[in-house]
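Trainee: I am new to this structure and would like to know what the terms used for it rest on. Can we go through them one by one?

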Amino acid sequence: MATIVTTVTEVLRYRGKIGQWSWVFHRVSGLGIVLFVCLHVVDTSWAAFYPDLYKQAIAEYQSPLFTIGEFFLVAAVVYHAINGYRIIVLDRRPHLWHLQQRAAVLVFVVVGIILIPVFVLMFGHVLDYYDTDPEFVSIAEIAETQAQFAIGFVVIVGAALILSFLQAIINGENISDPIPGMRRASQLDIWFWKFMRVSGLLILPLVFGHLAMMHVIMGVFDITAAGGDVIGTDLVNQSGSAVEFVGDRWNFLVAGVAVWRLYDGALLGLIVLHGFYGLRLVVNDYAHNRVVNRALNWAIVFGAAGLILVGSAALFAGVENTAEALLQNIVARS
Amino acid sequence: MKVTFRIRRFNPEKDSKPWWGEYTLDNVDPIDRVLELLHRVKWEQDGTLTLRRSCAHGVCGSDAMRINGVNRLACKMLVKTLGAGDHIKVQVEPILGLPVIKDLVVDMEPFFDHYRAVMPYFMPKEHVPADGRERLQSPADRERFDDTTKCILCACCTTSCPSFWANGKYVGPAAIVQAHRFIFDTRDGAAAQRLNILAEPDGVWRCRTIFNCTPACPREIEVTRAIGEVKLAIQRGV
């Protein structure tokens, strides 16, 4: 772990060229996106399992703190995507190395060009929403909900550390040992190296579509707009409930196929695998102790499997209180 | 002109941690090289300053150090390229990622261990060529690995790599360059073995194409390109 401090301070001290900064931004944006995906998959699954919790989560997403985070998130996704494309091209065409500095600058320029109109539109949604004089969830409430996620992370990593420690005792390992040195070449490494590139390309249109729909064309604020159009469908969010919004999308059929469930499912699987394998690469760079490294790797496998499981369970279960059901409710009550 | 050196000093017998020493030299010629000026510091001001150098002409690769924040050979750096005006400030420190023995001298053994790991020697396809004479090669085939024959094992590239700083087990750019020199040599018969070694988790996959190594090379080897070609060769064959 000590080398993470060295790496951070020396990256700041070493006068590397722009490629070094591309790498820093790629890592930091990737880590930020993975963190958000963890929260987002879990709380979106609440739309299916705990509708009230989901409404609370969306209310928190509409608070100023998350709005600031939303701008950073969109910037991180756009940078990670465009820079990833640069990495893929240079990996396939190493002889173009002399163009890499210009390519790295071009990435920053393209990201800027994409982000300016995107931020203008996003800011427009913020202003529209603030014009309605909304009530925000308090910081204390947000802290309370997010603390549960933080505790969840600590519990998972802690449990993995304890199990890894027990494994060390069972195997009779010395707990201060570093991870073994030269290991055999593994087909898995090669497979995942390719997977990171292919999945990156596949995620690119999916995630840009998702961001365009949920953050640019309409804002996070419009999810709870009563009588608002549900994007990607011909339905209207009658009740103005975030749960109905998700239900409408997931139940929307094109030629009998729930297209948005497939879309979200593809996004879920690809992003979780891509993100958690990226996390594994970062962990393996800096966690050299055998017990700690194994624990973090277990936590990553468990985390990825858990998120995919929770996310697909929600997609399969679906959301019941669609517009129709809600309308019937209202009719029955009156 | 005047030059003020700020040099990272460490004597394991006396110091608990490294410290910066400052030395000002007068009557410096702009085309003096950093190595000559370090000699002047040692000879005129502080005889305990320790550094490694042999040929002093950019061939042996013993005086790699971090000069003004970038890995360079001290013997190839003209002081006038490090600043403008009558008074230039130069910061010198040991290359990073290898244990410091004293001042600017680092232990190169871990670096050479990685070098040895890729089997950096000719392993012929057949013991004796068909005609019993030379192992012939077309100019085009020779050109294929010409760039990577230029490496002098100074460690400038490997110790400029954040992946190597993070994990000293990473085989590093220099060893991959050396492997590239044999992998793409049509006369060599051990490409598959070398590619197998470099496909290990601490092999080429730890390269994140940060590109610090390429501008650090005093021989202007296209280091990241060579690493990229080895990555492709692992997947597609040579």
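Mentor: This is a predicted model. In chain B, buried residues make up 47% of the 238 residues.

Trainee: What makes a residue buried?

Mentor: A residue is buried if 20 or more other C-beta atoms lie within 10 Å of its own. In helix α6 (residues 191–198) of chain B, the residues that meet this cut-off are A191(B), R194(B), L195(B), I197(B) and L198(B).

Trainee: Why are they said to be on the same side of α6(B)?

Mentor: Around the axis they cover an arc of only 155°, which puts them on the same side of α6(B). In general, an α-helix has 3.6 residues a turn, so residues three or four places apart point the same way.

Trainee: What covers the buried residues of α6(B)?

Mentor: The cover includes α2 (109–117), α5 (172–183) and α8 (223–236) of chain B.

Trainee: Which strands of the open sheet in chain B are edge strands, and why?

Mentor: The sheet has 5 strands in the order β2-β1-β5-β3-β4 (chain B), with mixed pairing. Its edge strands are β2 (19–25) and β4 (70–73) of chain B, as each pairs on one side only.

Trainee: How do you know that β3 (residues 64–67) of chain B pairs with β4(B)?

Mentor: Two strands pair if DSSP finds at least two bridges between them. Here 4 bridges join β3(B) to β4(B), and the two run antiparallel. Therefore β3(B) and β4(B) count as paired. In β4(B), R72(B) is the bridge partner of M65(B).

Terms used: Residues are numbered from 1 along each chain as its sequence is written. Chains are lettered from A and ligands numbered from 1 in the order in which they are written. This is a predicted model: local features need pLDDT of at least 70, side-chain atom pairs count only at pLDDT 80 or more; totals for chains, interfaces and linings use all residues. A residue is buried if 20 or more other C-beta atoms lie within 10 Å of its own, exposed if 12 or fewer, and partly exposed in between; C-beta atoms are placed from the backbone. The arc is that of the directions from the helix axis to the C-beta atoms. Two residues are in contact if their C-beta atoms, placed from the backbone, lie within 7 Å.
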